[in-house]
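User: I am new to this structure and would like a close look at a single part. Please keep the sentences short and walk me through the surroundings as well.

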Amino acid sequence: MSSKPDPISQPPANYVSAREAAALLDVKLATLYAYTSRGLVESIPSTRGRARLYRRRDLERLRARRDARAGHGPVAAGALQFGEPVLDSAVTAISPERGPLYRGHSALVLARTGTPFEVVAELLFGSELPAEPAWPAILASWQVDRLGVSVRALRELLADSLPPLTVLALLVPLLASRDPGRFSERPEAVLPRARVLIRRMAAALALARPGARNEPAILEALGAGSIAHTIAVGLGARGGARAVQAIDAALVLAADHELNASTFAARVAASTGADVFGGITAALVCLAGPRHGGAADRVEALVAAIGEPGEAERIVHERQRRGEIIDGFGHPLYPEGDPRGATLVELARELAPPPGPARTCLELVDAMQQGGGGAPTVDTGLVALALALELPPGSAGGLFSVARSAGWVAHILEQYAAGYLVRPRARYLGPDCDLAMD
C-alpha cells in the first residue's frame, strides 16, 4: 500500500475542494463523504484544518456512471466500452493502487495472509468474513465424491488434447441437465449447487492432464482437502504443501474483478432468469474468446516460442521493433501495474526450478519491464505460477475459471436480487429510414 501524501497548501489541478466535488456530482456533502469511505473517490489532506481535497478523475467517473444509468445517449453508449461501470454492485471495487476489494476486503491482503479460497468465496457470496478462518465447517458443505456425470462418457466426448477451459464449458451444461431442481433464484437453493459445482469444476481440470483422464484420477482430486488441493492433485502440481498454498493464493486473487466481460455475461444471463449453471456457462463461453481469456494462452505460447533461457530479451526487443503487441502486460485499470500479477510473479520466483519454462517466463517479465513494455497482468502471473508448478498446458486458464466462478456466482445472486432485465439500448447510427406507420 502506498503512503498517504503530505498535506498541501495549493490544490493541484487534478484535485478540488469538497464543495466543488459535491457540486460537480450534484450531491450533498454527506453523499460525497460516503463515496470516499467506500473507496470510490480518492481524497488527500490539505493544510486548512481537517479539510480534504478530492481527485477530479474519480468524480468524473462517478458522474459518467450516473449519467449512463440515467440513459444519456452518448454517455450510455460509451459506458459499454471499457471504462465506466453500467450496473450497481456491492461485490467488488477496484482500486488502481490496492487491486480488487471484495466487499471492502483487499484481495491482496486475503491472499498474503493465507485466507482459504473457500472463505473468500463465502465472502463474495455475501457472508461476513470470519474473524478466524473457520473454513473446515464451510468446506464440509462442498464435499462431493463423484463428478456428477460419467467420466468415461465425458472423456469420449473430448478430443485427445483439450485445454481445461473447454473441458469446463462442456461439463457445466451437462451437470445442469442432471439437476431438474436448479431453477430457483433463492440463495438457499443456489448456493449449495454452486459450492458443489465449483468443487466439481476444480476436479474436472484433471481431464485436461495427460495420463490422468480417468475416474480414479477424478476421485483422487475430489478426495482432496480443499479446492486448491483438489486442483494441485488433479493437475499434478509439483511442490507439495507450498504448491497448494500458492494455488490457494492464486484462486483468491482471481476470484472476482468487478464487471469484466465474462461476469457481465453471467449477469445478463441471470437477469433473464437463467439458472446458476446457465449463468456460469455464459461466462465460460465469453471467457473462451481470445480478447478475454486468451491472454494467458498467448503468454504461454510466447514462452514456448522463446524456448531457451537467455533469449527473452532479444525476442522482446525484436517484437517491439516491429511494433507488435505483447499480451499479458499493462492493464488499463492499473496504471502503475496490476498488483495481482506482481504477487503471482513473486510466488513463481520462489517456486520455479532453476532451468525450464518457468525461468523463461520470468525472464520475459523482466525483459518487458526493462524495455518499458508494462507490468505483468494477472494472466501472465497465472502462467508464471502454472509453469513454476509444472502444470500441463492451459492450466492458467483453468485456474482462472475455477477462481472466477466464485465471483460469477456472487454476481448472479446479486442480479437475481436486483430483479430487472439487463437490456441496454442501441444508439442507431445507420442510414435514415422511414419509420412512419401505414
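Which residue forms a salt bridge with Asp58, and how far apart are the closest N and O atoms?

Analyst: The partner is Arg55. The closest N and O atoms of Asp58 and Arg55 are 3.2 Å apart. Keep in mind that this is a predicted model.

Start with Asp58 itself. Its relative accessibility is 9%, and the cut-off for buried is under 20%, so Asp58 counts as buried. Arg55 passes the same test: at 10% relative accessibility, this residue is buried too.

Arg55 has another salt-bridge partner, Glu42. In that pair the closest N and O atoms are 3.8 Å apart. Arg55 sits in strand β3, while Glu42 belongs to the loop between α2 (29-37) and β2. The two residues are 13 apart in sequence, so their salt bridge ties together separate parts of the chain. Glu42 is partly exposed, with a relative accessible area of 24%. So this salt bridge joins a buried Arg55 to a partly exposed Glu42.

Now look at the strand that carries Arg55. Strand β3 covers residues 52-55. It belongs to an open sheet of three strands. Their order is β1-β3-β2, and the pairing is antiparallel. The edges are β1 (15-17) and β2 (43-45), each of which pairs on one side only. On average, neighbouring strands here are turned by 40 degrees against each other, direction ignored.

Helix α1, residues 18-25, packs on this sheet. The helix touches β1 and β3. Its direction makes about 100 degrees with that of β1.

Next, the pairing in detail. β1 and β3 are joined by three bridges in the antiparallel sense. Here Arg55 appears again: it is the bridge partner of Tyr15. So the residue that forms a salt bridge with Asp58 also has a bridge partner within the sheet. On the other side, β2 and β3 pair over three bridges, again antiparallel. In β3, Ile44 faces Leu53, and Ser43 has Tyr54 as its bridge partner.

How does this part fit into the wider picture? The structure has 16 salt bridges by the rule used here. Another one lies elsewhere in the chain, between Glu324 and Arg319. Their closest N and O atoms are 3.9 Å apart. Glu324 is partly exposed at 34% relative accessibility. Arg319 is partly exposed as well, at 25%. Through shared partners, salt bridges link Glu318, Arg319, Arg321, Arg322 and Glu324 into one network.

One last element gives a further view of burial. Helix α10 spans residues 187-204, 18 residues in total. From first C-alpha to last it reaches 25 Å, close to the 26 Å expected at 1.5 Å a residue. Of these 18 residues, 14 are buried, so the rest of the structure largely encloses α10.

Back to the starting point. Arg55 is buried. This residue forms salt bridges with Asp58 and with Glu42. Its bridge partner in the sheet is Tyr15.

Terms used
Residues are numbered from 1 along each chain as its sequence is written. This is a predicted model: local features need pLDDT of at least 70, side-chain atom pairs count only at pLDDT 80 or more; totals for chains, interfaces and linings use all residues. Side-chain values use heavy atoms; hydrogens and water are left out. Two strands pair if DSSP finds at least two bridges between them. Helices (H or I, at least four residues) and strands (E, at least two) are DSSP runs, numbered from the N terminus. Axes are lines fitted to C-alpha atoms, for helices over the stretch in contact, and angles run from 0 to 180 degrees between N-to-C directions. Contact means heavy atoms within 4.5 Å. A salt bridge is a side-chain nitrogen of Lys or Arg within 4 Å of a carboxyl oxygen of Asp or Glu. Buried means under 20% relative accessible area, exposed over 50%, partly exposed in between (1.4 Å probe, protein chains only). The expected span of a helix is 1.5 Å times one less than its number of residues.
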